[in-house]
Amino acid sequence: MLAPLLLAGASSASATAKGSLTVKTLDRSGRPAHAQVAVYNTRTNDFRYIESNKAVSLPDGSYELATSFVDDGGAGGIVGGHSVTVSGSTKTTFDARKGRPVNVSLSPKPGSGYDHRVSAYVCATDNSPATMGMSADAGALYVIPTSSRAYEVSYGTTYEPRSATGGDFWLASATHKGGVPSGVSATLKQSGLTTLKVSARSGPDSGQARFSFDNSADGDSCSMYPNSLQFERDLPDSFGVHVPAGQWNVGQESHDYIYGGFHKYAAGRTTSLTLGHAVWGPSGRLPNTWYHQLYFGNVNLFADPTLTAGGILAGGTLKLTHAGRTLYSKSYGPGGDVGGQPRIPGAGWYSLSQTGRRSLPSGSLSTSASLSLHFYADPGKNQQIRDYITRFRPEALNSRNQAAPGSTTTVDLGMQRSGTGDSTVRQLSDGVKSVHAWYTTDNGTTWHAATAKLSGGKWTTVVHNPAAGRVGLRSTVTDTHGDSSTTTVYNAYAVG
C-alpha cells in the first residue's frame, strides 16, 4: 500500500493573476499520471494545491513546488520537489522516469516476520508548506533528484510485525540537506534509537485501540514527517516501540482518546509506559484568581495516570457557590469547555463542584467522577487556591485492571497540587492535615470507611474486595488552612 501525504494549506485566489502554470506529472512509463501539487508563492506567501496536467491561473512570480503520487502502472510511488518561475504561460514537469530508488534499512535488522516499509518527504528549506511525501513497501518508492539547495529530503524506514498479537515496532529516520541526491540509500543504526516498553491495559477503555507516536521537529520541520508511527492493537496488549531519540508524544485512541504531550527520550535507554492503568480520575491544575476573576484551571475528570490529557468522551456539570449563592453554573457535553471566568465578590470561602460521566460499553471502568473543592480565595491577589486532588492508584491489578476475588487491594492516594506554570500567579504553600477514604461495591448506595495511612511520605488505604463486581473510590483531603477537597471515581477497578 502507498500512503501519500497532503499537508493542510490555505487557498487564496489573486486578483492580479497574469500567467498560468501547468505541472505535468508522468509515471515511470512516461504516461500522464494524476497528482496533486503543493504550490507556494515565495513573495506573496500564497499557498494552494493544484491538479497536475491542467493549466492553472497564477500571478507571475517565483514558486516552490512539491508533489507525491502513485504510479498509474503500479510501478511504485513518486516524490519530488523543485522551483519554477511563472511568467505568462509556464509549464514544468515531474517525470517519474528520473526517480531514483529509496533504499533505507536498519542495522541490525529486527529479523523475520516483519513488513518493511520506507518513506520519503521532500521539503523546501525555508520551511514553506511546499512539502509532500509518502510511504511505501520497501523497493516501491522513488524520489526525483534535484541539485537545488532550496530543497532537502527526510527519509525513514519502519518494521512492523505481521502478527496482530505480538512483536515490536521499529522506526528510524534521517535527513539529507542541500538538495535531493540521485538515489537515497542508507543503513541506519539501532544504537540511535530509544525504546518504549508499552503495557496497554483495558477497562477504562477497551476494544481495538490506535496507538500513535509523533516526533517533535526540534527545529528541523522536515524531519518530523517520517518520524510518525501509527498502528492498531486489541486491548490489553504489550509491545515495544523503538524510535529515534528525541521528543515524542504518545497517544491511544479507542472509545476514548488520551495523550501525554511531548517528552524527551534518550538513545540507548528503555522507558516503560503503562497505559490505561486504573484509575482514570480527576487531575490537572487547580483554579486561580486573576484580577477579581476566578479561572477554573484545567481539571480533567478522566485523566489516565500516564497520558494525562484527553478523556474527551466526558460530559458533565460545573457549579461555583459563595455564601449560599450560585455564582456560576454550566452543563457541558463530551469534549465541551467548562467556559467562563466569573468575577467573584470578595475575599472569603467558595465551593466549586464538577461532575462528569463517560458514555462507554457495559462493564467499562472509570465511568463517572466528581471533584468538590472548598477553598478560601482573595480576588484582589493573583494566586492559585490551596487544595489537593487525590489520584487513586490501586496496586497489583492485572492487565484488565482486576483484583482477585475476596482479596485486599492497597490504593495509593496521590496528593496532586500542580501549579499554573504562570510566574505572575503565586502558588501558595500548603500542607495536608487529614485524609479520609471510602470505597463502594454497589455503585455508591453504600460507602465503607477505609483508614488512610501516611508512611514514607505516601498516603495509602486498603480496600476489602468483594467476590465479584466493581469498586468505587472516594477521598477527602483537608489542608492545614481549612481548605478541603473530595475526589470520587465510580467503577474505579474491577474484581473477577
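This is a short tour of one sheet and one pocket in a predicted model.

**Stop 1: the sheet**

Select strands E5, E2 and E8. Together they form an open sheet of 3 strands, in the order E5-E2-E8. The pairing is mixed. As background, strands of a sheet pair through backbone hydrogen bonds, either parallel or antiparallel.

Now colour the edges. Strand E5 covers 55-58 and strand E8 covers 89-95. Each of these edge strands pairs on one side only. Look along the sheet for its twist, which averages 25° from one strand to the next.

**Stop 2: the E2 and E5 pair**

Keep E5 and add strand E2, residues 19-26. How many bridges join E2 to E5? There are 4, and the two strands run antiparallel. Pick out Leu21 to see one pairing. Its bridge partner in E5 is Val56.

**Stop 3: the second largest pocket**

Leave the sheet and select Gly297, Asn298, Val299, Asp337 and Val338. Of the residues lining the second largest pocket, these lie nearest its centre. The full lining has 28 residues. The volume of this pocket is about 590 Å³.

Next, show strand E24 (288-290) and strand E26 (300-303). Each gives at least two residues to the lining of the second largest pocket. Which strand supplies the largest share of that lining? E26 does, with 3 residues.

Finally, colour the lining of the second largest pocket by residue type. Expect 12 nonpolar, 13 polar and 3 charged residues.

Technical notes: Residues are numbered from 1 along each chain as its sequence is written. This is a predicted model: local features need pLDDT of at least 70, side-chain atom pairs count only at pLDDT 80 or more; totals for chains, interfaces and linings use all residues. Side-chain values use heavy atoms; hydrogens and water are left out. Two strands pair if DSSP finds at least two bridges between them. Axes are lines fitted to C-alpha atoms, for helices over the stretch in contact, and angles run from 0 to 180 degrees between N-to-C directions. On a 1 Å grid over the protein atoms alone, a cavity is a set of points where a 1.4 Å probe fits but cannot get out, and a pocket is an open set with protein on both sides within 12 Å along at least five of seven lines; lining residues have an atom within 4 Å of a point. Grid points are joined across faces, edges and corners, and a volume is the space filled by probe spheres set on the points. Ala, Val, Leu, Ile, Met, Phe, Trp, Tyr, Cys and Pro count as nonpolar, Asp, Glu, Lys and Arg as charged, and the others, Gly among them, as polar.
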